[in-house]
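Q: I'm new to reading protein structures, and I'd love a close look at one part of this one. Could you walk me through the sheet and whatever packs around it?

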Amino acid sequence: MKSLKWIAVGAGLTSVIPVAWMVWKPSLTAGVVCIAWAAAASIASAWSARKLGERRQQAAVWQVEQTAIQMLNHHRHDWMNELQILYGYIRLGKHDKSVQCVERIKERMQQDSKLSKLGIPSLVFYLHSYRTLNHSLQLEVEIVDHIQLDRLTPAMADNLTEAVIRTVNAFQQGEKSARGEDRLLTITFMQQEHELALIFEGDGPFDNPHRLKLQIEESLEGQGIRVEQTHPGEASYRLRLPFAT
């Protein structure tokens, strides 16, 4: 990509040569050469810019594909672990444990299904990929009933996705340095009357809850989203935004 950038820059700079010739010795030939040179430089710059855009797009697609592959491998590994546990209970004749394991798998599959049907592809991809790739802060997502956000306008969907990302980032930045201690963030989506409520509950060592609330409010400023602290003294917050039924 750097070579293409230099081609574009070089093509533009070379236009100085015929211009200098035209200024130093004005003539019809110099004018024709100046026009032709400028046209050639513009074509070269446009070609390099198009190629640079294509390479950037290919790099972005490649990154998404790699993330998707890692997500699939992560889910496959998790399901294999669950099946091994279930198989162990069956072999040992622990029927009660087997039933509990099946119920846990069933509940997890239902939540994953609800998440996948949430209706905002960028948000679904972010939540799935974050749970797969981030290890410093574990993320769990719970969806009450069957909330679908596909009827939101594109602008509202983008604002909601950005709000979730910024709030998760605030929790990440608000982590206390405590080695060996697990940190968990649970996000619950639910509808309350004519509003969509997103409840963020942090479990583990975090910074001062009041300071964290201020960081979340600052990150969401201007988006029309209200932030409430659900439990005083705890890293637990509710985000409210209009949600017409």
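A: Let's begin at L198, which stands opposite L239 in β5. Keep in mind that this is a predicted model. L198 belongs to the region of β3, which spans residues 195–203, and β3 and β5 run antiparallel, joined by seven bridges. Now look at L239 from the other direction: V227 also stands opposite L239 in β5. V227 falls within β4, residues 226–229, and β4 pairs with β5 (residues 236–242) in the antiparallel sense over four bridges. One more pairing to find here is E228, which stands opposite R238 in β5.

How are β4 and β5 connected? They form a hairpin with six residues between the strands, where G233 takes a positive phi near 80 degrees. As for β5 itself, this strand is mostly covered, since six of its seven residues are buried.

Next, step back to see the whole sheet. Five strands make up an open sheet, in the order β1-β2-β3-β5-β4, with mixed pairing. β1 (138–143) and β4 (226–229) are at the edges and have a single partner strand each, so one side of each is left without a neighbour in the sheet. From one strand to the next, the twist averages 20 degrees.

Now for the helix that packs here. Helix α6, residues 154–173, lies across β2 (184–192), β3 and β5, and runs at about 15 degrees to β3. With 20 residues, α6 reaches 28 Å from its first C-alpha to its last, close to the 28 Å expected at 1.5 Å a residue. Try tracing its buried residues on your screen: they are A157, L160, T161, A163, V164, T167, V168, A170 and F171. What covers these buried residues of α6 includes β2, β3 and β5 from the sheet, along with the helices α5 and α7 (209–219).

Not every residue of α6 is hidden in this way. E162 has its place in helix α6, and E162 is partly exposed because its relative accessible area is 33%, which falls between the 20% limit for buried and the 50% limit for exposed. E162 also gives you a distance to try out: E162 and S122 are 40 residues apart in sequence and 9.7 Å apart in space, C-alpha to C-alpha.

S122 takes us to helix α5, which covers residues 121–133, so let's look at its rings. A search of the whole structure finds three aromatic pairs. One of them joins Y126 and Y130, a tilted pair at 5.9 Å centre to centre with 45 degrees between the planes. Y126 and Y130 are four residues apart in helix α5, so about one helical turn separates them. Both tyrosines are tucked away: Y126 is buried, with a relative accessible area of 15%, and Y130 is buried, with a relative accessible area of 7%.

Another pair brings us back to the helix and the sheet. The rings of F171 and F200 have their centres 6.3 Å apart and their planes at 20 degrees, so this pair is stacked. Because F171 lies in helix α6 and F200 in strand β3, the pair ties together parts that are 29 residues apart in sequence. F171 and F200 are buried. Together with Y237, F171 and F200 form one aromatic cluster. Y237 falls within β5, whose residues are 236–242, so you can find this cluster by looking where α6 lies across β3 and β5.

There is also a ring contact of another kind to look up: the charged end of R108 sits over the ring of W79, 4.6 Å from its centre.

Finally, here is how the part you asked about fits into the protein. The secondary structure comes to seven helices and five strands. From the N terminus on, the elements run α-α-α-α-α-β-α-β-β-α-β-β. Of the 245 residues in the protein, buried residues make up 35%. Among contacts between residues at least 6 apart in sequence, 66% join residues at least 24 apart. The pair of F171 and F200, 29 residues apart in sequence, is a nice example to keep in view as you rotate the model.

Technical notes: Residues are numbered from 1 along each chain as its sequence is written. This is a predicted model: local features need pLDDT of at least 70, side-chain atom pairs count only at pLDDT 80 or more; totals for chains, interfaces and linings use all residues. Side-chain values use heavy atoms; hydrogens and water are left out. Two strands pair if DSSP finds at least two bridges between them. Helices (H or I, at least four residues) and strands (E, at least two) are DSSP runs, numbered from the N terminus. Axes are lines fitted to C-alpha atoms, for helices over the stretch in contact, and angles run from 0 to 180 degrees between N-to-C directions. Contact means heavy atoms within 4.5 Å. Rings of Phe, Tyr and Trp (its six-membered ring) pair if their centres lie within 6.5 Å; planes under 30 degrees apart count as stacked, over 60 as edge-to-face and the rest as tilted. Buried means under 20% relative accessible area, exposed over 50%, partly exposed in between (1.4 Å probe, protein chains only). A charge sits over a ring if NZ of Lys or CZ of Arg is within 6 Å of the ring centre and within 35 degrees of the ring normal. The expected span of a helix is 1.5 Å times one less than its number of residues.
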